[in-house]
Amino acid sequence: MKLDGIRACVFDAYGTLFDVHAPVAKVAAALGDKADAVSRMWRDKQLQYTWLRSLMGAHADFLAVTADALDYALAAHGVSNAPLRARLLDLYMTLDAYPDARRCLETLKSKGLTTAILSNGSPAMLDAATKSAGLDAQLDHILSIEQVGIYKPDPRVYQLAVDELGIPAADMLFVSMNPWDASGAAYFGFKVARLNRLGVPPDNLPGDISAEVATLNAIPDLIS
């Protein structure tokens, strides 16, 4: 499948370009057989807290939400270790990029496309992550939901990309590993490529997904 008229590619950050499970993997020995469960719960609670805070009208930035979610995951698994908690939060600031992220962005740039991140992350978190992963040079825009003060999938977040890039939603390709984010962006009006590294089914939500890919390396080939 080829998508016509695409002028920009906008990427989710966490789970799409950056591996959210890398921090726990780096300290797995300290958590033993609880490591995988802690990492999964940390991510699940992190997302749940963004949605719930948006519904409650009780916004806090992504670093605070990430810390709250980590505290819950550690407590739920009986882990009380302040230095480990601090280490995990530090590691979250400099997440590893997936191996296919840089090549994808470089190829898109070589084709003359505008590239951007549109993320729940705070500006400081996104700045630290893109620089530590060496992706900052391949990105024209790094957009945080902090500019509108509410989390995805609120349509005000997706409108932020339209306003900042000055490109209609229909002329942008949005890429996310998170099915709910892909659906939200598609319902808003973006063309959307759902990244499905794990082979899981789509969410039963509104929004027509334009394409599904198993790797970021396939993204440039979608664009005419």
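These are my notebook entries on the cavities and two of the helices in this structure, which is a predicted model.

**Entry 1: cavities**

I started by searching the whole structure for enclosed space, and two cavities of 30 Å³ or more turned up. The largest has a volume of about 50 Å³. I listed what lines the largest cavity: D12, Y14, R43, L47, F62, S119, N120, K152, N178, W180 and D181. Two elements, α3 (35-56) and α9 (179-188), each give two or more residues to that lining. Sorted by class, the lining of the largest cavity comes out as four nonpolar, three polar and four charged residues.

Next I looked up the second largest cavity, with a volume of about 30 Å³. V20, S39, W42, R43, Q46 and Y92 line it. Which element gives the most to this lining? That is α3, with four residues. By class I have three nonpolar, two polar and one charged for the second largest cavity. I noted that R43 is in the lining of the largest cavity and also in that of the second largest.

**Entry 2: α3**

Since α3 came up for both cavities, I checked its length. With 22 residues at 1.5 Å a residue, α3 should span 32 Å, and its end C-alpha atoms are 31 Å apart, so the two agree. (The expected span takes 1.5 Å times one less than the number of residues.)

Then I went through burial in α3 and wrote down A35, V38, S39, W42, R43, K45, Q46, L47 and T50 as buried. Among them, S39, W42, R43 and Q46 are also in the lining of the second largest cavity. What do the buried residues of α3 pack against? I found α1 (22-26), α2 (28-31), α4 (62-76), α5 (82-93) and α9. Just after the helix comes G57, with a positive phi near 70°.

**Entry 3: α5**

I ran the same length check on α5. Its 12 residues at 1.5 Å each should span 16 Å; the end C-alpha atoms are 17 Å apart, which agrees.

Buried in α5 are L84, L88, L89, L91 and Y92. Why do I say they line one face? Looking down the axis of α5, I see its buried residues fall within an arc of 160°, so they take up one face of the helix. On the face turned away from that buried side I found the exposed residues A82, P83 and D90.

The buried residues of α5 pack against α1, α2, α3, α4 and α7 (123-133). One of those buried residues, Y92, was already on my list for the lining of the second largest cavity.

Terms used
Residues numbered from 1 in each chain as written. Predicted model: local features only at pLDDT ≥ 70, side-chain atom pairs only at ≥ 80, totals over all residues. Heavy atoms only, no water. 1 Å grid on protein atoms, 1.4 Å probe; cavity = no way out; pocket = protein on both sides within 12 Å on 5 of 7 lines; lining within 4 Å. Points joined across faces, edges and corners; volume = space filled by probe spheres on them. Nonpolar A, V, L, I, M, F, W, Y, C, P; charged D, E, K, R; others polar. Buried < 20%, exposed > 50% of the residue type's maximum accessible area, 1.4 Å probe, protein only. Contact = heavy atoms within 4.5 Å. Arc of directions from axis to C-beta.
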